[in-house]
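Subject: Structure handover and notes

Dear colleague,

I am handing over the structure we spoke about, and I would be glad if you could read the notes with the coordinates open beside them.

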Amino acid sequence: MSSNSTARDYNKASVLDALFSEAPLTRNRLIELTRLSQATVSRKVDELRFDGFVVEQGVDAVVRRGRRSTYLDVPRTAGHIVGISFGARTTCVLVTDLIGREVGHVIVPSLEGGDVGTTAEWLVELIVATSDSAEGPLRQIVAALPGRVQNGIKWSGTAESRKIFMDSVLQNSIEDRSKAPVILESDARASLRGILKDNARIANAALFMLSTVLSFASCTDHEIAQGRTPTFGDLGGVLFAGIGNETLDGLLSTRGLLQFAKGRGLDLEGIEALWSQPQEAAARVEVVEAFTTAIVTAVGAVAVTLDPESVYFAGRLSPLVDEVLPEARRRLAQSLPIVPEITVVSHVIGLSVARGAAYAGLAVAQSRLRESILEARREGQRL
């Protein structure tokens with residue numbers, strides 16, 4: 001007897017995929033999406049209802065002959081997802097159901113100090129509190145962190161510290177305490193993932209996350225690019241900004257720009273003071289000029305290497321990007337044959353990145369459930 005999945009298995013997986021993508025939806029719409037017969041769809045819906053992945057609710061408002069079509073939905077009891085934005089200053093935990101509808105979120109100041117175990121325990125307590133009204137199993141946690149993290153909790157500018165994303169003590173600690181699978185993601189990739197989710201027309205793009213450290217992400221044909229080494233995406237630590245010996249990270253991160261401003265006589269209490277409070281004019285002009293040059297260098301670098309249609313900037317330095325963008329575009333037009341569209345992302349600190357992390361968790365969990373359908377027959381045959 002063959003152990004391969006059958007057409008019936010793939011039909012069931014196709015119906016589940018359609019439910020994940022558009023629920024709540026009618027049976028007629030399900031037939032349109034899957035291109036399966038009415039009888040096949042009905043059988044697969046019944047099977048998925050038995051598995052706990054479908055409920056019927058309401059009726060189609062469009063009047064048709066015969067029995068009116070009920071809406072099919074994925075119940076909250078099917079499970080939930082957690083997306084985390086764990087930043088240097090702010091942490092957000094977002095809980096969604098299995099098709100991305102928000103159950104709840106919380107935004108709090110990040111835990112300062114403490115070892116990996118203490119940090120993991122704190123995050124899990126936030127997850128439990130935020131998931132209080134969630135139903136079903138916790139199927140996936142995705143935690144988005146700044147691009148370079150040392151020991152899971154300390155931010156560092158060294159490329160060596162990016163190995164935290166390959167084999168993380170923090171990841172294992174959260175898994176042990178939450179009893180759920182955990183993936184670590186960079187904040188830049190999570191933010192870009194959210195943009196791609198909201199706009200399916202985006203094909204090739206790049207995103208710079210201007211936060212405590214500078215991190216970078218890109219996509220090709222609407223797919224997030226992934227590297228094979230721990231230093232993938234570390235443009236900021238290796239490329240010079242065009243100002244002395246400053247790297248991009250030295251001017252396009254809050255930590256680096258604060259240090260640069262201090263060297264020019266601006267002892268800022270926080271980076272926001274650079275654009276929200278009066279500053280000594282000459283010193284501020286020098287800082288803003290250096291920041292503008294770094295923006296031009298960053299966009300120019302990705303334009304000639306990746307040829308993106310769009311370049312996005314997100315993070316705490318976004319207001320300053322807004323200020324210098326007209327001048328940056330003018331300079332880029334002088335050096336590039338085609339200037340990509342440059343956009344400053346409307347960014348809710350913490351929540352936007354957590355939402356992108358949740359989207360990543362949804363994709364993983366939904367794919368795992370689909371594979372479990374195809375694996376079920378093989379496992380049954382082996383038994």
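Below are my notes on the cores, the aromatic and charge contacts, the cysteines and some backbone details. Please keep in mind throughout that this is a predicted model.

I begin with the interior. The largest nonpolar core has 41 residues, and the members that touch the most others are Phe 208, Leu 210, Leu 252, Leu 257, Phe 291, Ile 295 and Phe 313. Helix H10, which spans residues 281-305, supplies the largest share of this core, with 12 residues. Taking Ile 295 as an example, and setting aside residues up to four places away in sequence, one finds that Ile 295 touches Leu 210, Leu 252, Phe 313, Val 321, Val 324 and Ala 328. A second core of 27 residues is separate from this one, and Leu 25, Leu 30, Val 45 and Leu 374 are among its members.

Ser 318, a residue of helix H11 (residues 318-335), is in contact with Phe 313, Val 344 and Val 345 when neighbours within four places in sequence are left aside. The relative accessible area of Ser 318 is 6%, which is under the 20% cut-off, and Ser 318 therefore counts as buried.

Turning to the rings, the structure contains 3 aromatic pairs. In one of them, the ring centres of Phe 86 and Trp 122 lie 6.3 Å apart with the planes at 45°, so this pair is classed as tilted. Because Phe 86 belongs to strand S4 (residues 80-86) and Trp 122 to helix H4 (residues 116-130), the pair ties together parts that are 36 residues apart in sequence. Phe 86 is buried at 2% relative accessibility, and Trp 122 is likewise buried, with a relative accessible area of 17%. Another tilted pair is formed by Phe 208 and Phe 216, whose ring centres are 5.1 Å apart and whose planes meet at 50°. Both Phe 208 and Phe 216 are buried, and ring pairs join these two residues with Phe 313 into a cluster.

Two charged side chains also sit over aromatic rings. The charged end of Arg 264 is placed over the ring of Phe 260, 3.8 Å from its centre, while Lys 197 lies over the face of Tyr 359 at 5.6 Å from the ring centre.

As for the cysteines, a search of the whole structure finds 0 disulfides. Cys 92 counts as buried, at 0% relative accessibility, and Cys 219 is buried as well, with a relative accessible area of 3%.

Finally, some points on the backbone may be worth a look in your viewer. The peptide bond from Ala 23 to Pro 24 is cis, with omega near 0°, and Pro 24 is found in the loop between helix H1 (7-22) and strand S1 (25-26). In the loop between strand S12 (214-220) and strand S13 (223-224) lies Asp 221, a residue other than glycine whose phi is nevertheless positive, near 50°. His 222 is placed in the loop between S12 and S13 too, and has a positive phi of about 70° although it is not a glycine. As to accessibility, Asp 221 is exposed, with a relative accessible area of 59%, whereas His 222 counts as partly exposed at 25%.

With best wishes

Conventions: Residues are numbered from 1 along each chain as its sequence is written. This is a predicted model: local features need pLDDT of at least 70, side-chain atom pairs count only at pLDDT 80 or more; totals for chains, interfaces and linings use all residues. Side-chain values use heavy atoms; hydrogens and water are left out. A nonpolar core is a set of buried Ala, Val, Leu, Ile, Met, Phe, Trp, Tyr and Cys residues joined through side-chain atoms within 4.5 Å. Buried means under 20% relative accessible area, exposed over 50%, partly exposed in between (1.4 Å probe, protein chains only). Helices (H or I, at least four residues) and strands (E, at least two) are DSSP runs, numbered from the N terminus. Contact means heavy atoms within 4.5 Å. A disulfide is a pair of cysteine sulfur atoms within 2.5 Å. Rings of Phe, Tyr and Trp (its six-membered ring) pair if their centres lie within 6.5 Å; planes under 30 degrees apart count as stacked, over 60 as edge-to-face and the rest as tilted. A charge sits over a ring if NZ of Lys or CZ of Arg is within 6 Å of the ring centre and within 35 degrees of the ring normal.
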